[in-house]
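Please look at the model below. Two colleagues then discuss why its features carry the labels they do.

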Amino acid sequence: LNVDRSNAVLVAHALTGSADAEAWWSGIVGPDKLINPEQYFVICINTLGSCYGSTGPESINPETTAKYVATFPEITIRDIARTQLHLLQELGIFEIALAIGGSMGGMVILELGLLAKETRTVTIHKLVAIAAGSEHSAWRVAFSSTIRKTIQAFEPLGESGLREGLRIARQLATISYRSSSEFGRRFGRKIGEGEKFEVENYLEHQGQKIVDRFSVYSYLTLTRAMELYDLTRGKAVDAIHQLEGLDTDILLVGISSDILYLEEELRTFAKQLPNARYETLLAECGHDSFLIATDELAEIVRPFLEAECKGIITNDVHASRF
């Protein structure tokens with residue numbers, strides 16, 4: 001952290017990520033990368049409701065001295081952003097050079113932008129939300145709720161049943177995170193181990209990986225929080241008016257092959273925001289491309305990060321940037 005405490009970067013992780021940003025986003029965070037810890041004071045906070053350190057379903061309920069598990073209360077993305085804002089204040093960080101996140105992390109960053117404006121406690125100079133919009137649309141809720149219900153259908157079988165439900169649910173989720181062209185190129189109709197299609201083996205591997213490392217109750221909690229995400233929720237005016245007073249440069253990044261967040265949706269959202277721009281990451285790996293095509297993503301974000309803050313701009317100038 002520099003002398004005037006102005007070089008802090010906040011990284012928000014996605015659904016099953018952790019506070020170790022350099023581990024899951026090594027192409028973006030690390031020495032000689034876009035977010036270089038030798039240049040920036042990098043903060044990544046484990047999400048409320050997760051299982052990697054912050055309070056979540058696997059934490060002990062002080063009233064019962066047992067784990068919360070299924071009794072953990074429903075939370076929202078705004079709750080998560082509120083805890084992150086509180087921690088920034090506790091750390092004495094009142095200025096953020098860049099707040100950046102993808103997918104659920106992008107939602108947290110956008111909510112944090114609103115909270116920073118409302119509370120006037122932290123100044124965010126630049127905000128990058130990747131593969132995230134103003135709300136969880138009906139299309140995304142359709143995927144997410146089906147995934148959650150798949151897990152819950154195994155609940156009568158106990159803990160082992162829930163883990164089996166998570167294993168299958170993650171396979172469904174993975175399909176929505178990737179693209180048809182990628183699967184076609186990588187797997188085609190090749191037969192692999194066990195006389196299964198290679199794409200089957202890949203999906204089963206992804207399902208087992210999440211069972212081995214993540215809490216099923218955290219998965220249920222956070223997917224539900226994502227479904228409830230809506231920047232206008234509980235507000236008298238819409239999100240656009242809420243964001244109008246932000247003295248923050250905003251970059252929204254869509255992904256060309258993402259079936260969850262279509263380019264046009266994010267482009268339209270960016271046009272409505274003050275001092276915002278939109279860019280497309282051309283990549284084949286669907287929604288997950290922000291974790292995979294990191295060199296290309298860095299080339300999009302770097303000019304935005306290195307440019308001087310422009311402050312609020314007029315609608316005419318704003319519109320001409322699209």
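The dialogue covers aromatic pairs, a charge over a ring and a helix packing.

Modeller: This is a predicted model, where local features need pLDDT of at least 70, side-chain atom pairs count only at pLDDT 80 or more, and totals for chains, interfaces and linings use all residues. Residues are numbered from 1 along each chain as its sequence is written, and side-chain values use heavy atoms, with hydrogens and water left out.

Biologist: Why is the aromatic pair of Phe187 and Tyr202 called tilted?

Modeller: Rings of Phe, Tyr and Trp (its six-membered ring) pair if their centres lie within 6.5 Å; planes under 30 degrees apart are stacked, over 60 edge-to-face, and the rest tilted. For Phe187 and Tyr202 the centres are 5.1 Å apart and the planes 40 degrees, so the pair is tilted.

Biologist: What makes the pair of Phe214 and Tyr219 edge-to-face?

Modeller: Their planes are at 80 degrees and their centres 6.4 Å apart, so the pair is edge-to-face. Phe214 and Tyr219 are both buried (under 20% relative accessible area, 1.4 Å probe, protein chains only; exposed is over 50%, partly exposed in between).

Biologist: How do you know that Arg140 lies over the face of Tyr261?

Modeller: The rule asks for NZ of Lys or CZ of Arg within 6 Å of the ring centre and within 35 degrees of the ring normal. Arg140 is at 3.7 Å from the ring centre of Tyr261.

Biologist: Why is helix H5 called oblique to helix H8?

Modeller: H5 (residues 158–177) and H8 (residues 216–228) pack at about 45 degrees. Angles under 35 degrees are roughly parallel, over 145 roughly antiparallel, 65 to 115 roughly perpendicular and the rest oblique, so H5 is oblique to H8.

Conventions
Axes fitted to C-alpha atoms, helices over the stretch in contact; angles between N-to-C directions. Helix = DSSP H or I, 4+ residues; strand = E, 2+ residues; numbered from the N terminus.
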